[in-house]
Amino acid sequence: MKKKQIIKVTLNVSNPIDAVIMDYLQDKKNAAGHLVKLSFERLIAGGGSQPAAPVTAAMPQAEQKSYGPTIRAGEASEVKGKVAKLRSTY
Amino acid sequence: MSRKVVAVDAGYGDVKIKFRDKNGVVQDDIFNSIVGNYDPGISVDGLKSEMDIVEVDGEKFIVGRGALKHSSRIFNGRDKDWITSAAYKALFAAGLYKCGCNAVDLIIMSGLPVTFYRSDKARLEGIIRDLAHTCSLKLTVKVIPQPVGAFFSLLFDEEGQVKDESLLSGRVGVLDIGFFTSDLVTMDELEIVDKQIGSFENGVSTALEAIIKDFNSEFGTRYDSHKDLHKIESAVRAGKIKISGEEIDITRIVNGRLDELADEIKTNAKTTWKDGLDLDQVILCGGGAALLNGQLKSLYSHARVIENSQFANVTGYFNFGENIAREA
């Protein structure tokens, strides 16, 4: 059985790129499932280092949604072709 | 992978934005396209002033209405090179900031007036990339012609799915009545008809400038046709204005000037679309469409003002962005 790995990361949430990295690490955690446990501490701007709630609790709902097939049955391929052309146009 | 779509419609009059909040709910917002210089000035402890301050190319700007109160210089533009100005970048950056645009995989959608589209698309995409390069690990930028955004708002829902398949093969005229200009395109089977692209110098500001002159002459006010446009626009939409503490009904003056503007726009539209019989639909969008709703009823029997017309373009950018995100 693989051992659980705990990684502690301190990020400055007022820095945009840190927020992106936090998001990225969260993705990695989701991909790795139970084998990796990530724990985050947020450095609150101006307020010193304070432990924050686990990032999992703050994960936006929308960013977890899956992007499934777009087209209904029936004239699916024709519609799909037209929309694909639209995407390539712009 | 976390992916986020944000849409910014930086118009001459207002900046409109659309995005999903942290709960996945689609939100929109709007602020005036006013940019002023930032001067720290005197601050008083305990008094917090509401200002949106943005730093672009090492210079700080105040964006939105706060600039009128706190800036000594207001930057404005309505020409083709407006998109390369620091003021435009400040407006766009403020829009991105308000969207909360940080994401691992970020898709930014925006638009350009139809007449500048082909010449400036790559330039605007580059400007947006420069502004947003620290916001994501993977950045996609798409710029589409502004009125096509309104068309996309009818074609796609906010999940990016096709919601009206009749538009895929239809011929649709779009008239986008903006602040300084009005744009017109025809979409035929999802393609822009090159011969039916138009942009003319009649927008909401045309009527506002005339209304300002009327006010100054009738009420002895000293409104400035450059600086006070947004203030007068609010009054026009409300149908009243406060002068010396007294609220005055302005519908008589306003309706006369809006009639004139609507007549000019109808003439321009009919020059391109003639009797409009070959169009399946004519949709009117932009902030001016809602304002001129009553006056534009006689344009064509099948013309209609799109719901929430001021946000139609940005809604289309967003919905199309969601479609791109689904298929990426």
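## Chain B: fold, sheet pairing and salt bridges

Among contacts in chain B between residues at least 6 apart in sequence, 66% join residues at least 24 apart. The model is predicted, and every value below is computed from it.

**Overall build**

Chain B contains 10 helices and 17 strands. Along the principal axes, its C-alpha atoms fill a box of roughly 55 × 50 × 35 Å. A compact globule of 328 residues would have a radius of gyration near 20 Å, and the 20 Å found for chain B agrees with that. Of the 328 residues in chain B, 57% are buried. The accessible surface of the chain comes to about 14200 Å², and carbon and sulfur atoms account for 46% of that surface.

**Strand pairing**

One open sheet of chain B is built from four strands in the order E5-E6-E4-E7, with antiparallel pairing. Its edges are strand E5 (52–56) and strand E7 (74–75), each of which pairs on one side only. E5(B) is joined to strand E6 (residues 59–63) by five bridges, and these two strands run antiparallel. Within this pair, Ile53(B) has Ile62(B) in E6(B) as its bridge partner.

Another antiparallel pair is made by strand E14 (residues 240–243) and strand E15 (residues 246–249) of chain B, over four bridges. Here Lys240(B) stands opposite Asp249(B) in E15(B). E14(B) and E15(B) form a hairpin with two residues between the strands, and in this hairpin Ser244(B) takes a positive phi near 50°.

**Salt bridges**

Side chains of opposite charge can pair when their charged atoms come close. The structure holds 22 salt bridges over all chains. Three of those in chain B are listed here with the distance between their closest N and O atoms.

| Salt bridge | Closest N and O atoms |
|---|---|
| Arg118(B) with Asp194(B) | 3.1 Å |
| Glu218(B) with Arg252(B) | 2.7 Å |
| Arg257(B) with Glu260(B) | 3.0 Å |

What does the salt bridge between Arg118(B) and Asp194(B) tie together? Arg118(B) lies in helix H3 (residues 114–132) and Asp194(B) in the loop between strand E12 (191–192) and strand E13 (198–200) of chain B, so the pair ties together parts that are 76 residues apart in sequence. Arg118(B) is exposed, at a relative accessible area of 65%.

The salt bridge of Glu218(B) and Arg252(B) runs from helix to helix. Glu218(B) belongs to helix H6 (residues 204–219) and Arg252(B) to helix H8 (residues 251–273) of chain B, so parts 34 residues apart in sequence are tied together by this pair. Glu218(B) is partly exposed, with a relative accessible area of 42%. Arg252(B) has a relative accessible area of 60% and is exposed, because the cut-off for that class is over 50%.

The salt bridge of Arg257(B) and Glu260(B) stays within one element: both residues lie in helix H8 of chain B, three residues apart, about one turn of the helix. Are these two partners buried or partly exposed? Arg257(B) counts as partly exposed at 23% relative accessibility, and Glu260(B) is partly exposed at 40%.

Elsewhere in chain B, salt bridges that share partners join Arg3(B), Asp105(B) and Lys138(B) into one network.

**Two loop residues**

Lys138(B), a member of that network, also takes part in a contact through its backbone. Its backbone oxygen lies 3.3 Å from a polar atom of the side chain of Ser136(B). Where is Ser136(B) found? Ser136(B) sits in the loop between H3 and strand E9 (138–145) of chain B. Ser136(B) is buried, because its relative accessible area of 7% falls under the 20% cut-off.

Asn102(B) occupies another loop of chain B, between helix H2 (86–99) and strand E8 (105–112). At 27% relative accessibility, Asn102(B) counts as partly exposed. Asn102(B) and Lys142(B) are 40 residues apart in sequence, and their C-alpha atoms are 17 Å apart in space.

Terms used. Residues are numbered from 1 along each chain as its sequence is written. Chains are lettered from A and ligands numbered from 1 in the order in which they are written. This is a predicted model: local features need pLDDT of at least 70, side-chain atom pairs count only at pLDDT 80 or more; totals for chains, interfaces and linings use all residues. Side-chain values use heavy atoms; hydrogens and water are left out. A salt bridge is a side-chain nitrogen of Lys or Arg within 4 Å of a carboxyl oxygen of Asp or Glu. Buried means under 20% relative accessible area, exposed over 50%, partly exposed in between (1.4 Å probe, protein chains only). A polar contact is a pair of N or O atoms within 3.5 Å; within protein, one must be able to donate a hydrogen and the other to accept it, and residues adjacent in sequence count only if both atoms are side-chain atoms. The radius of gyration is taken over C-alpha atoms; the globule rule is 2.2 Å times the number of residues to the power 0.38. Contact means heavy atoms within 4.5 Å. Accessible areas come from the Shrake-Rupley method with a 1.4 Å probe; for residues, only the protein chains shown count as cover. Two strands pair if DSSP finds at least two bridges between them.
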